[in-house]
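Welcome! Let's work through some short exercises together, one step at a time. Keep the picture open while you read.

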Amino acid sequence: MVLQLMFSFFKKSVSESSSEQKIVVTEDYTDVSPIAQYFKNETGVTFDKQTTILKSKVTTFCRQMAISSFKELLNSIKDDKKLKQQLVDSLTTNETFFYREFKQIEELVGLVKNANTKVDILCAPSATGEEPYSIVIALLEAGVSQNNFHVTGIDINSDAIEKANKAIYRERNVRNLSPRIIDIYFTKDNGSYVLKEMIKQHVTFKLMNLFDPSFKSIGKFDFIFSRNMLIYFDQETKLKAKEILESMRKNQNQEIFFGHADLF
Ligand SMILES: C[S@@+](CC[C@H](N)C(=O)[O-])C[C@H]1O[C@@H](n2cnc3c(N)ncnc32)[C@H](O)[C@@H]1O
């Protein structure tokens, strides 16, 4: 069977030469704004100033999933949870690395050392795990007893959570770590850096959306990190996120650790 593909700007025709049967699929990837609005309502992430980037990413996503228009995508993600998750995974940015903005981690270490009880720490978002694992390494390096803390990491991106649980990293992820720390806490395997169980056991990861009502039910925390997520939100959404995170503090006077770029 010979398949003939004929592309025009918005139209793709597939003809089966033997039977003269023609399937015409009309592609319509023009107005991405309903997708942008839906995505912002669901995740908080705005593409207001990056419509061209969003359009290109969503067009690629639609073609991969054999979805012929943004309208069809919008209808499908409302009922199809798996597809919605795949869209979220393809549109969120998970770039992170060990010991990022380390001064704040040092500050946290000081606070944990002064606490007399076991502390619960939240990283929302955790992305691929480097931030919560950095916290564990720094606490152990400072001599904090391993029974005195637990870290919870949450993220909306399922690929990121999967990578976080695996905890296998590339050189660029560990670039801020000293050779000594790498030797103690990682095993090298074919150019990869495999984090040891002694660190992994102190972190629990959950696939969660900060704006989902279920998020608040994961508990209250002594210390909360929320770094480099608010940069993807508009002002109103940043304040909403801040309010949610503040409501999850055990101590209302404890400041939340935001990233330096997360300006309000
Ligand atoms: C750049 S990473 C930040 C990781 C780490 N905190 C750091 O500072 O290196 C931003 C993360 O925010 C996550 N994210 C975006 N919107 C979210 C939401 N509504 N709920 C949970 N995570 C979200 C993304 O999936 C992404 O992994």
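A polar contact is a pair of N or O atoms within 3.5 Å; within protein, one atom must be able to donate a hydrogen and the other to accept it, and residues adjacent in sequence count only if both atoms are side-chain atoms. The model is predicted, so local features need pLDDT of at least 70 and side-chain atom pairs count only at pLDDT 80 or more, while totals for chains, interfaces and linings use all residues. Residues are numbered from 1 along each chain as its sequence is written, and side-chain values use heavy atoms, with hydrogens and water left out.

**Exercise 1. Find which residues come nearest to the ligand, then look at its polar contacts.**

Step 1. A residue is near a molecule if one of its heavy atoms lies within 4 Å of it. There are 23 residues around the ligand, and Asn94, Thr96, Arg100, Asp155 and Asn228 come nearest.

Step 2. Start with the side chain of arginine 100: one of its N or O atoms is 2.7 Å from an oxygen atom of the ligand.

Step 3. Now try the side chain of glutamate 131, where an N or O atom is 3.2 Å from a nitrogen atom of the ligand. For isoleucine 156, a polar backbone atom is 3.3 Å from a ligand nitrogen.

**Exercise 2. Decide whether glutamate 131 is buried or exposed, and list what it touches.**

Step 1. Locate the residue: glutamate 131 lies in helix α6, residues 130-141. Helices (H or I, at least four residues) and strands (E, at least two) are DSSP runs, numbered from the N terminus.

Step 2. Buried means under 20% relative accessible area, exposed over 50%, and partly exposed in between, using a 1.4 Å probe and protein chains only. Glutamate 131 has 8% relative accessibility, so it counts as buried.

Step 3. Contact means heavy atoms within 4.5 Å. Leaving out residues up to four places away in sequence, glutamate 131 touches Cys123, Pro125, Phe225 and Arg227.

**Exercise 3. Trace the five-stranded open sheet and find its edges.**

Step 1. Two strands pair if DSSP finds at least two bridges between them. The order here is β9-β5-β4-β10-β11, and the pairing is parallel.

Step 2. β9 (203-207) and β11 (257-258) each have a single partner strand, so one side of each is left without a neighbour in the sheet.

Step 3. Zoom in on β5 (residues 149-155), which is joined to β9 by five bridges. Threonine 152 has threonine 204 in β9 as its bridge partner.

**Exercise 4. Do likewise for the sheet of three strands.**

Step 1. Its order is β6-β8-β7, with antiparallel pairing.

Step 2. β6 (168-169) and β7 (186-189) are the edge strands, each pairing on one side only.

Step 3. Two bridges join β6 to β8 (residues 192-195). Tyrosine 169 has tyrosine 193 in β8 as its bridge partner.

**Exercise 5. Describe the largest nonpolar core.**

Step 1. A nonpolar core is a set of buried Ala, Val, Leu, Ile, Met, Phe, Trp, Tyr and Cys residues joined through side-chain atoms within 4.5 Å. Among its 40 residues, Val58, Leu73, Leu122, Leu210, Phe215 and Leu245 touch the most other members.

Step 2. Helices α1, α2, α3, α4 and α10 (235-246) each supply at least two residues of this core. It also draws at least three residues from each of domain 1 (3-91) and domain 2 (102-258), with bounds that come from an automatic or database domain assignment.
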